[in-house]
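Student: I am new to this structure and would like a close look at one part of it. Please take the disulfide, and then place it within the rest of the chain.

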Amino acid sequence: VQLQAFGGGLVQAGGSLRLSCAASGSIFSINVMGWYRQAPGKQRELVATITSGGSTAYADSVKGRFTISRDNAKNTVYLQMSSLKPEDTTVYYCYADGARLGGSGFFKLWGQGTQVTVSS
């Protein structure tokens with residue numbers, strides 16, 4: 001099972017970006033998918049998560065600006081980021097956990113990271 005993230009890039013403050021992350025491989029089910037971010041020298045922090053049932057959680061710093069969603073049929077999670085601020089600049093990582101096909105265990109995976117840069 002692997003995760004591949006797409007999106008990211010450079011945007012001016014106040015602008016929008018959309019990240020997506022697709023899980024592929026021997027997947028039976030995915031429980032939680034989400035996005036985290038990590039600035040240099042700092043711990044990785046939660047941005048937003050979403051369960052298979054659609055329950056969401058957000059960091060206070062992004063509430064009202066970011067929206068997480070997922071397409072269970074495509075094993076894909078999205079992060080729509082609006083009203084971006086320079087302090088949102090960092091590397092964003094997608095996350096997923098779930099069960100593998102054939103009863104071969106569970107997985108907890110991170111995507112490769114995608115850079116988001118917001119210019120002032």
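Tutor: The model shown is a predicted one. The chain holds 1 disulfide. Its partners are C21 and C94, with a distance of 2.1 Å from S to S. That distance meets the cut-off, because a pair of cysteine sulfur atoms has to be within 2.5 Å to be called a disulfide. The link joins distant parts of the chain: C21 belongs to strand 3, residues 17-24, and C94 to strand 9, residues 90-100, so that 73 residues separate the two in sequence. As for its handedness, the torsion about the S-S bond is about 50 degrees, so the disulfide of C21 and C94 is right-handed.

Next, is each cysteine buried or exposed? C21 has a relative accessible area of 0% and is therefore buried. C94 is buried as well, also with a relative accessible area of 0%. The cut-off behind that word is a relative accessible area under 20%. Over the whole chain, 42% of the 120 residues are buried.

One residue in contact with C21 is Q4, which has S20, A22 and Q112 as its other contacts once neighbours within four places in sequence are left aside. Q4 sits in strand 1, which covers residues 2-6. Unlike a buried residue, Q4 counts as partly exposed, because its relative accessibility is 42%. Q4 can also be placed against Y93: the two are 89 residues apart in sequence, and their C-alpha atoms are 9.7 Å apart in space.

The strands that carry the two cysteines belong to a chain with 11 strands and 0 helices. Read from the N terminus, the order of elements is β-β-β-β-β-β-β-β-β-β-β. Contacts across long stretches of sequence are a feature of the chain as well: of those between residues at least 6 apart, 55% join residues at least 24 apart.

Two further buried residues help to fill in the picture. A48 is part of strand 5, residues 45-51. With a relative accessible area of 0%, A48 is buried. Beyond its neighbours within four places in sequence, A48 touches G34, W35, A57, Y58, I68 and L79. By contrast, A73 lies 20 Å from A48, C-alpha to C-alpha, with their positions 25 residues apart in sequence.

The other residue is V116, in strand 11, residues 114-119. V116 is likewise buried, at a relative accessible area of 0%. Again leaving out neighbours within four places in sequence, the contacts of V116 are G8, G9, L17, L19, M81, D88, T89, T90 and Y92. Y95 is 21 residues away from V116 in sequence and 17 Å away in space, C-alpha to C-alpha.

The loops on either side of strand 8 each offer a detail of the backbone. N75 is in the loop between strand 7 (66-71) and strand 8 (76-81). S83 is in the loop between strand 8 and strand 9, and strand 9 is the strand that holds C94. What is notable about phi at these positions? N75 is not a glycine, yet its phi is positive, about 50 degrees. S83 is not a glycine either, and its phi is also positive at about 50 degrees. Most residues other than glycine have a negative phi. N75 is partly exposed, since its relative accessible area is 23%. S83 is partly exposed too, with a value of 41%.

Last comes the chain as a whole. Its C-alpha trace spans about 50 × 25 × 20 Å along the principal axes. For 120 residues a compact globule would have a radius of gyration near 14 Å, and the chain agrees with this because its own value is 14 Å. The accessible surface is about 6200 Å², and carbon and sulfur atoms account for 48% of it. Among the side chains, 11 are positive and 6 are negative, and 4 Å separates the centres of the two sets.

To return to the part you asked about: the disulfide joins C21 to C94, linking strand 3 with strand 9. Both ends are buried, C21 at 0% and C94 at 0%.

Technical notes
Residues numbered from 1 in each chain as written. Predicted model: local features only at pLDDT ≥ 70, side-chain atom pairs only at ≥ 80, totals over all residues. Heavy atoms only, no water. Helix = DSSP H or I, 4+ residues; strand = E, 2+ residues; numbered from the N terminus. Buried < 20%, exposed > 50% of the residue type's maximum accessible area, 1.4 Å probe, protein only. Rg over C-alpha atoms; globule rule 2.2 N^0.38 Å. Contact = heavy atoms within 4.5 Å. Areas by Shrake-Rupley, 256 points an atom, 1.4 Å probe, with all protein chains shown as cover. Lys, Arg positive; Asp, Glu negative; His and termini not counted. Charge placed at Lys NZ, Arg CZ, Asp CG, Glu CD.
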